[in-house]
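Please find below a colleague's note on the model shown here. The points concern core composition, helix packing and one loop residue.

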Amino acid sequence: MAPSTSSAVTLNINGEKHTLSVDHRTTLLDALRERLDLTGTKKGCDQGQCGACTVLIDGRRAVSCLQLAVAAEGRVITTIEGVADGDRLHPVQQAFLDLDGFQCGYCTPGQICSALGVLEEHAAGWPSAATTDVRPEAGVPELTAEEIRERMSGNLCRCGAYVSIVQAVEKAARAEEGAA
């Protein structure tokens, strides 16, 4: 008897559990879009290079086109559909809206999920390639435009809204600092 090429998985997405049978080769992106109708996450390059499919897995950024759905079982997945609090936009979403951090909007869900990850990573004190002093005693680096550009560099915007995206992340960071 040949081994099965599919499994039943339960995915915890945006606080809701979804059980479905998936082929072992099904990506998380395809499960989200084609099986669960969560189409906010976009398919761009399908090679992990553009960031359009970025979601949060256990609070960390992940390109869902390279993540197998079966490997996401038991993890907490947040897509763009789970970022807002009901009708109240998350401060990152509001900043993107206020500062026109989008043009065509195709990359925006991935940009926003990535920005959420960036803010968490920064708050945790993680350095980036742009961080000048990476010694632990240096503390959390200032979240400059250069830091934001470096940290967001895995997300492409074909329309070129980068200036507004950086400004939106800066504004959201200030809003989070004020809320803390």
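Which residues have the most contacts inside the largest nonpolar core?

1. The model is a predicted one. Its largest nonpolar core has 24 residues, and V92, F96 and L119 are those with the most contacts inside it. The elements giving two or more residues to this core are α2 (91-98), α3 and α5. In general terms, nonpolar side chains tend to be buried together in soluble globular proteins.

2. A second core, of 16 residues, lies apart from the largest one. Its members include V9, V22, I57 and I77.

3. V92 merits individual inspection. Leaving aside neighbours within four places in sequence, V92 is in contact with I112, A115, L116, L119 and A172.

4. The packing of α2 on α3 may be considered next. The axes of these two helices come within 10 Å and cross at roughly 130°; α2 and α3 are therefore oblique to each other, as angles over 145 degrees would be needed for roughly antiparallel. The crossing of α2 past α3 is right-handed. On the α2 side the contact is made by V92, Q93 and F96, and on the α3 side by T108, Q111, I112, A115, L116 and L119. By class, this contact has six nonpolar and three polar residues, with no charged residues.

5. How do α3 and α5 cross, and which residues make their contact? The axes of α3 (residues 108-123) and α5 (residues 162-179) come within 11 Å, with a crossing angle of roughly 45°. The two helices are therefore oblique to each other, and the crossing of α3 and α5 is right-handed. Q111, A115 and L119 of α3 meet I165, V169, A172, A173 and E176 of α5. The residues of this contact divide into six nonpolar, one polar and one charged.

6. Q111, A115 and L119 of α3 deserve a joint reading of the two preceding points. These residues take part in the contact with α2 and also in the contact with α5.

7. Is S64 buried or exposed? S64 is found in the loop between β4 (60-63) and β5 (76-78). With a relative accessible area of 0%, S64 is buried, because buried means under 20%. Not counting residues up to four places away in sequence, S64 touches T27, L28, L29, T41, C53 and V55.

Note on methods:
Residues numbered from 1 in each chain as written. Predicted model: local features only at pLDDT ≥ 70, side-chain atom pairs only at ≥ 80, totals over all residues. Heavy atoms only, no water. Axes fitted to C-alpha atoms, helices over the stretch in contact; angles between N-to-C directions. Helix = DSSP H or I, 4+ residues; strand = E, 2+ residues; numbered from the N terminus. Parallel < 35°, antiparallel > 145°, perpendicular 65-115°, else oblique. Left-handed = near helix turned anticlockwise from the far one by under 90°. Contact = heavy atoms within 4.5 Å. Nonpolar A, V, L, I, M, F, W, Y, C, P; charged D, E, K, R; others polar. Buried < 20%, exposed > 50% of the residue type's maximum accessible area, 1.4 Å probe, protein only. Core = buried A, V, L, I, M, F, W, Y, C linked by side-chain atoms within 4.5 Å.
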